[in-house]
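Here are a few friendly notes to read alongside the model. I have kept them to points you can check on screen as you go.

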Amino acid sequence: MTKLDDVDRQIVAALQENGRISNKEVAELVNLTHSSCSRRIARLEKEGVIVGYRALTDRLKLGYSVRAYCGVFRDASVGWAELAEELSKIEGVVSVYAVSGNVDIMVEIVARDMQHYSSVVMKEFANTKGVSATRSTFVLEEVKSIY
């Protein structure tokens with residue numbers, strides 16, 4: 001695990017809040033010189049603390065009105081890593097997790113509508129070797145999400 005001090009944490013927080021902020025602006029926020037702050041950011045990237053920068057999108061504006069978590073029960077004849085890899089290839093799957101509890105894998109799915117969601121689960125998942133059953137939980141409203 002990478003050792004981070006309070007300034008490193010402030011830098012990461014600033015970049016999480018706004019990935020387009022300039023290094024100069026970050027330096028001002030954390031009371032460092034521009035060059036010192038730039039070196040710290042480069043180190044955080046090199047050490048894998050900062051793994052990338054991306055645009056966060058409004059899924060509704062992109063036409064995806066359904067968001068759900070689908071618990072997948074795995075057939076013992078297929079390893080979880082193999083099943084997780086296959087599920088991650090399906091359109092609409094945005095995250096795949098190995099979890100504890102009464103399901104083996106938790107999959108986050110975004111879909112245009114319920115018909116699209118049903119197609120993903122009833123056709124794509126059902127035809128994936130190793131899926132024995134699924135259990136869906138739909139997001140009604142996003143209250144808080146930190147990226």
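**Notes on the fold and its helices**

1. Leaving aside neighbours within four places in sequence, His 116 is in contact with Tyr 64, Glu 91, Val 110 and Ala 111. Please keep in mind throughout that this is a predicted model. His 116 is found in helix 5, and its relative accessibility of 7% means that His 116 counts as buried, the cut-off being under 20%.

2. Which other residues of helix 5 are buried along with His 116? They are Tyr 117, Val 120, Val 121 and Phe 125. Together with His 116 they cover an arc of only 130° around the axis, so they sit on the same side of helix 5. As a general reminder, an α-helix has 3.6 residues a turn, so residues three or four places apart point the same way.

3. The other side of helix 5 carries exposed residues, namely Gln 115, Met 122 and Lys 123. For the buried residues of helix 5, the cover includes helix 4 (80–88) as well as strand 1, strand 2, strand 3 and strand 4.

4. Do have a look at the start of this helix too. Asp 113 caps the N-terminal end of helix 5, with a side-chain oxygen 3.2 Å from the backbone nitrogen of Gln 115.

5. Now for the sheet. The sheet is open and has four strands in the order 2-3-1-4, with antiparallel pairing. Strand 2 (93–98) and strand 4 (131–138) are the edge strands, each pairing on one side only. From one strand to the next, the twist averages 25°. Helix 5 (residues 114–125) packs on this sheet and touches strand 1, strand 2, strand 3 and strand 4. The direction of helix 5 makes about 140° with that of strand 3.

6. How many bridges join strand 1 to strand 3? There are seven between strand 1 (residues 66–74) and strand 3 (residues 105–111), and the two strands run antiparallel. To find the register on screen, note that Val 72 stands opposite Ile 105 in strand 3.

7. The structure holds one aromatic pair. The ring centres of Tyr 117 and Phe 138 are 5.0 Å apart and the ring planes meet at 65°, so the pair is edge-to-face. Because Tyr 117 lies in helix 5 and Phe 138 in strand 4, the pair ties together parts that are 21 residues apart in sequence.

8. Are the two partners of that pair buried or exposed? Tyr 117 has a relative accessible area of 3% and is therefore buried. Phe 138, at 35% relative accessibility, counts as partly exposed.

9. Helix 2 (residues 23–30) deserves a look as well. Its buried residues are Val 26, Ala 27 and Val 30. Seen down the axis of helix 2, they fall within an arc of 100°, so they line one face of the helix. Turned away from that buried side is a face with the exposed residues Lys 24, Glu 28 and Leu 29.

10. What covers the buried residues of helix 2? The cover includes helix 1 (6–17) and helix 3 (34–46). One last detail concerns the backbone: Asn 31, just after helix 2, takes a positive phi of about 60°.

Key. Residues numbered from 1 in each chain as written. Predicted model: local features only at pLDDT ≥ 70, side-chain atom pairs only at ≥ 80, totals over all residues. Heavy atoms only, no water. Pairing = 2+ DSSP bridges. Axes fitted to C-alpha atoms, helices over the stretch in contact; angles between N-to-C directions. Contact = heavy atoms within 4.5 Å. Phe/Tyr/Trp six-rings, centres within 6.5 Å; stacked < 30°, edge-to-face > 60°. Buried < 20%, exposed > 50% of the residue type's maximum accessible area, 1.4 Å probe, protein only. Arc of directions from axis to C-beta. Polar contact = N/O pair within 3.5 Å; in protein donor to acceptor, adjacent residues only side chain to side chain.
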